[in-house]
Amino acid sequence: MNFSKTGPFSRTGLLAVALAALVASGCSTSRFSSMDDQQPAPLTPAPSGTVTQNQLPPPASPGASQFPTAPKNTQVAALPPDGTAPAGAADLTAASVAGVWNANVSGQSCKVATPQTKFGAGYRAGPLHCPAPIDGIKSWNVAGKQLTLYDENGGTLARLYSSGGEKFDGQTSSGQPISLTR
């Protein structure tokens, strides 16, 4: 048989027929059959150890905090009864308050984040594992010498004043002592 361009088939035509036959035979392979009837290999069991049994400590009394408390000798500066700033309190700026603070509320410790992210009439705030009422802080703002912490409705939760350095002292709206330190 002559496979020249003038014969019954051209080289390109033969190549196309051979390629079509190869593709057609490949479609009948079992590689593409349904995988529904195949089961995955079983998993290796996890190593097992010994289980021990111990008694749990008694639950905390109702209202008690599960978080560590500050030492009992922590002193909080008293505010004047009319709510004004104590003598010597410094003027505040948002930059001087921004950051993460160690909070102490009536002897219970937690952290409060005070980023300079605008929120409502002030800045966003985030209590971290704080007891009530400080667990409800949503925002903060400064005015003159006073740092005010607000709830989600804009109600005042606490007012604090600089006690010098990296410390603020004040009280919650319910009269509990509160301090922030870094």
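In this predicted model, Asp169 and Lys167 join their side chains in a salt bridge, with 3.9 Å from N to O. That distance still makes the cut because a salt bridge needs the nitrogen within 4 Å of a carboxyl oxygen. The two partners sit in different surroundings as far as solvent goes: Asp169 is buried, at 4% relative accessibility, whereas Lys167 is partly exposed, at 25%.

How many salt bridges are there by this rule? The count comes to 3, and here they are with their N to O distances.

| Salt bridge | N to O distance |
|---|---|
| Asp169 and Lys167 | 3.9 Å |
| Lys145 and Asp91 | 3.5 Å |
| Arg182 and Glu166 | 2.6 Å |

Take Lys145 and Asp91, whose side chains meet at 3.5 Å. This pair ties together distant parts of the chain, 54 residues apart: Lys145 lies in the loop between strand 6 and strand 7, and Asp91 in the loop between helix 1 (11-26) and helix 2. Lys145 is partly exposed, with a relative accessible area of 33%, while Asp91 is exposed, at 59%.

Then there's Arg182 with Glu166, at 2.6 Å from N to O. Here too the pair links distant parts of the chain, with Arg182 in the segment after strand 10 and Glu166 in the loop between strand 8 and strand 9 (167-172), 16 residues apart. Arg182 counts as partly exposed, at 41% relative accessibility, and Glu166 is also partly exposed, at 44%. As a general point, side chains of opposite charge can pair when their charged atoms come close.

On to the fold. An open sheet of 10 strands runs in the order 3-4-6-7-8-9-10-1-2-5, with antiparallel pairing. Its edges are strand 3 (118-119) and strand 5, each of which pairs on one side only. Within the sheet, strand 7 (residues 146-150) and strand 8 (residues 156-162) pair antiparallel over 5 bridges. One detail of that pairing is that Gln146 has Tyr161, in strand 8, as its bridge partner.

Gln146 also turns up in a side-chain link: a polar contact of 3.0 Å joins it to Thr148. Thr148 is found in strand 7 and is buried, with a relative accessible area of 5%. Setting aside neighbours within four places in sequence, Thr148 is in contact with Ser139, Trp140 and Asn141, and also with Thr156, Ala158 and Arg159. As for Tyr161, its C-alpha atom is separated from that of Thr148 by 8.9 Å, the two residues being 13 apart along the chain.

Which residues touch the most other members of the largest nonpolar core? Of its 23 residues, they are Ile134, Trp140, Leu147, Leu149, Leu160 and Phe168. Several elements give two or more residues to this core: helix 2 (94-97), strand 1 (99-105), strand 2, strand 6, strand 7, strand 8 and strand 10 (177-181). Leu160 is a handy spot to look around from. Not counting residues up to four places away in sequence, Leu160 touches Leu147, Leu149 and Phe168 from that list, and its other contacts include Ile178 and Leu180. The salt-bridge residues Lys145 and Asp169 are among the contacts of Leu160 as well.

Trp140 leads over to another threonine. Thr114, in strand 2, is in contact with Trp140, and its contacts beyond four places in sequence also include Val97, Ala98, Gly99, Trp101 and Arg124. With Val97 there is something more specific: the side chain of Thr114 reaches the backbone oxygen of Val97 at 2.8 Å. Is Thr114 buried or exposed? At 2% relative accessibility, Thr114 counts as buried.

Strand 2 brings us to the last feature. The structure holds 1 disulfide, formed by Cys110 and Cys130 with their sulfur atoms 2.1 Å apart. This pair links distant parts of the chain: Cys110 is in strand 2 (residues 108-114), and Cys130 is in the loop between strand 5 (126-128) and strand 6 (139-143), 20 residues apart. Why is the disulfide right-handed? It's because the torsion about the S-S bond of Cys110 and Cys130 is about 90 degrees. Cys110 counts as buried, at 8% relative accessibility, and Cys130 counts as buried too, at 10%.

Notes
Residues numbered from 1 in each chain as written. Predicted model: local features only at pLDDT ≥ 70, side-chain atom pairs only at ≥ 80, totals over all residues. Heavy atoms only, no water. Disulfide = S-S within 2.5 Å. Helix = DSSP H or I, 4+ residues; strand = E, 2+ residues; numbered from the N terminus. Buried < 20%, exposed > 50% of the residue type's maximum accessible area, 1.4 Å probe, protein only. Pairing = 2+ DSSP bridges. Core = buried A, V, L, I, M, F, W, Y, C linked by side-chain atoms within 4.5 Å. Contact = heavy atoms within 4.5 Å. Polar contact = N/O pair within 3.5 Å; in protein donor to acceptor, adjacent residues only side chain to side chain.
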